[in-house]
Amino acid sequence: IVENSADTIAWKQTQEYTPKLVHFSKPVHSLITCTLDEEGKVVYHKDQWNHKDYSHEGLGKVMKTLNGDYLTGVTRPPKDL
């Protein structure tokens with residue numbers, strides 16, 4: 001946890017992605033920031049990968065949309081989790 005206040009929670013994490021077809025792992029270091037409303041509900045979510053703030057337009061938006069909508073169908077966690 002890098003920030004924890006009444007309206008913001010931010011933390012760092014590392015995930016490793018292994019696509020089914022290529023069988024090699026790619027670690028991704030993320031900084032996730034969630035902005036909260038008065039009730040503590042998330043109103044804004046920002047995920048920076050490898051210290052890059054991908055835009056909300058163009059290719060960055062396409063990548064975020066594909067990741068959010070389809071990545072869970074392409075990648076699976078290890079069976080031992």
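The following paragraphs describe the fold, strand pairing and surface of a predicted protein model.

The protein contains one helix and four strands. Read from the N terminus, these elements follow the order β-β-β-β-α, with the helix placed after the strands. Of the 81 residues in the protein, 16% are counted as buried. When contacts between residues with a separation of 6 or more are considered, 20% of them link residues that lie 24 or more positions apart. The exposed area of the protein is about 6600 Å², and 58% of this area is supplied by carbon and sulfur atoms.

The four strands are assembled into an open sheet, in which their order is β1-β2-β3-β4 and the pairing is antiparallel. The edges of this sheet are formed by β1 and β4, the latter covering residues 42-49, and each of these strands pairs on one side only.

At one edge, strand β1 comprises residues 3-4 and is joined to β2 by two bridges, the two strands running antiparallel. Three residues separate β1 from β2, and the two strands form a hairpin. Within this pairing, Glu-3 has Ala-10 of β2 as its bridge partner, while Asn-4 is found opposite Ile-9 in β2.

The pairing of β2 with β3 is likewise described as antiparallel and extends over ten bridges. Strand β2 covers residues 8-17, and β3 covers residues 26-36. One of the partnerships between them involves Gln-13, whose bridge partner in β3 is Ser-30.

Leu-31, a residue of strand β3, illustrates how parts of the chain are brought together in the model. The C-alpha atom of Leu-31 is separated by 4.5 Å from that of Lys-12, although the two residues are 19 residues apart along the chain. Apart from neighbours within four places in sequence, the residues in contact with Leu-31 are Val-2, Trp-11, Lys-12, Lys-46, Asp-47 and Gln-48. The relative accessible area of Leu-31 is 26%. Leu-31 is therefore classed as partly exposed, since this class lies between the limits of under 20% for buried residues and over 50% for exposed residues. As a general matter, side chains in a regular strand alternate between the two faces of the sheet.

Two features of the surface were also identified. The first topic is a nonpolar patch, formed by Leu-21, Val-22 and Phe-24, which together have about 360 Å² of accessible area. Of these residues, Val-22 is located in the loop between β2 and β3. With a relative accessible area of 44%, Val-22 is partly exposed, because this value falls between the same limits of 20% and 50%.

The second topic is charge pairing. The count of salt bridges in the model comes to one. This salt bridge is formed by Glu-39 and Lys-41, whose closest N and O atoms are 3.5 Å apart. The distance satisfies the criterion for a salt bridge, because the nitrogen and the carboxyl oxygen must lie within 4 Å of each other. Both partners, Glu-39 and Lys-41, are exposed.

How values were computed
Residues are numbered from 1 along each chain as its sequence is written. This is a predicted model: local features need pLDDT of at least 70, side-chain atom pairs count only at pLDDT 80 or more; totals for chains, interfaces and linings use all residues. Side-chain values use heavy atoms; hydrogens and water are left out. Buried means under 20% relative accessible area, exposed over 50%, partly exposed in between (1.4 Å probe, protein chains only). Contact means heavy atoms within 4.5 Å. Accessible areas come from the Shrake-Rupley method with a 1.4 Å probe; for residues, only the protein chains shown count as cover. Patches are made of residues with over 30% relative accessible area and no salt bridge: like charges are joined within 9 Å, nonpolar side chains (Val, Leu, Ile, Met, Phe, Trp, Tyr) within 5 Å. A salt bridge is a side-chain nitrogen of Lys or Arg within 4 Å of a carboxyl oxygen of Asp or Glu. Two strands pair if DSSP finds at least two bridges between them.
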